[in-house]
Amino acid sequence: MTRTLASAPIMVLNGPNLNLLGQRQPEIYGSETLADVAALCDATAARHGGTADCRQSNHEGQLIDWIHEAREHHAGIVINPGAYSHTSVAILDALNACDGLPVVEVHISNIHRREAFRHHSHVSARADAVIAGCGVQGYAFAVERIAALLDAGAR
């Protein structure tokens, strides 16, 4: 079954510490909150006739469970894995099990201008696109990219 934005939401996953968005290191991550990110994703998905299902967890296993859920019930995944980008082969394996599901990785900051350990992301090996350094606007870009990938697959 081919999923579209009209038939299934985009899952937007946020990893550890993103619940503190707007409070934690605003000089790096900005002043917008996770609620602002959810509203942005909802509005962007709505422009394409869809919805966004935004979630956040500080727990790797919970993120993996949600990725498994997305395999069955969502049109695509936007994921900001936070620090798990650099450490979690388990999240990569879960994403690799999402055959045919578009995945876009988002980082609010430009991870390549930060500490060396942040330069590598395991998730990038599966992502159809990686957006970094665009602030929370990167989430809107990611939803737009998921919509474009879904449109291209429907043709």
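**A tour from strand β1 to helix α4**

Select I10 to begin: this residue is buried, with a relative accessible area of 0%, a value that falls under the 20% limit for burial. The model on screen is predicted, and every distance and area quoted along the way is computed from it. I10 sits in strand β1, which covers residues 10–14.

Keep I10 selected and show its surroundings, leaving aside residues up to four places away in sequence; the residues that I10 touches are then L5, T51, A52, D53, H74, G76, V78, V143 and I146. One of these contacts, V143, deserves a distance label, since the C-alpha atoms of I10 and V143 are separated by 7.7 Å although the two residues stand 133 residues apart along the chain.

Move next to S57, which is found in the loop that runs between β2 (52–56) and α3 (60–73). Is S57 buried or exposed? Its relative accessibility is 7%, so S57 counts as buried. If you display its side chain, you will find a polar atom of S57 lying 2.9 Å from the backbone nitrogen of H59. Beyond residues up to four places away in sequence, S57 touches N14, G15 and P16, and also Q62, L63 and W66.

From there, turn to helix α4, residues 89–96, and colour I91, L92, A94 and L95, which are buried. Looking down the axis of α4, you will see these buried residues fall within an arc of 160°, so they line one face of the helix. What do the buried residues of α4 pack against? Their partners are α3, together with the strands β3 (76–80) and β4 (103–107). At the start of α4, select S88 as well, where a side-chain oxygen comes to within 3.5 Å of the backbone nitrogen of A90.

For the last stop, show α3 and α4 together: their axes are 9 Å apart, and the two helices pack at an angle of about 5°. The helices α3 and α4 are therefore roughly parallel to each other, the angle being under the 35 degrees that this description requires. To see the contact itself, select E60, L63, I64, I67 and H68 on α3, and then A90, I91, A94 and L95 on α4. Sorted by class, the residues in this contact of α3 with α4 comprise 7 nonpolar, 1 polar and 1 charged. Among them is L63 of α3, a residue already met as one of those that S57 touches.

Conventions. Residues numbered from 1 in each chain as written. Predicted model: local features only at pLDDT ≥ 70, side-chain atom pairs only at ≥ 80, totals over all residues. Heavy atoms only, no water. Helix = DSSP H or I, 4+ residues; strand = E, 2+ residues; numbered from the N terminus. Buried < 20%, exposed > 50% of the residue type's maximum accessible area, 1.4 Å probe, protein only. Polar contact = N/O pair within 3.5 Å; in protein donor to acceptor, adjacent residues only side chain to side chain. Contact = heavy atoms within 4.5 Å. Arc of directions from axis to C-beta. Axes fitted to C-alpha atoms, helices over the stretch in contact; angles between N-to-C directions. Parallel < 35°, antiparallel > 145°, perpendicular 65-115°, else oblique. Nonpolar A, V, L, I, M, F, W, Y, C, P; charged D, E, K, R; others polar.
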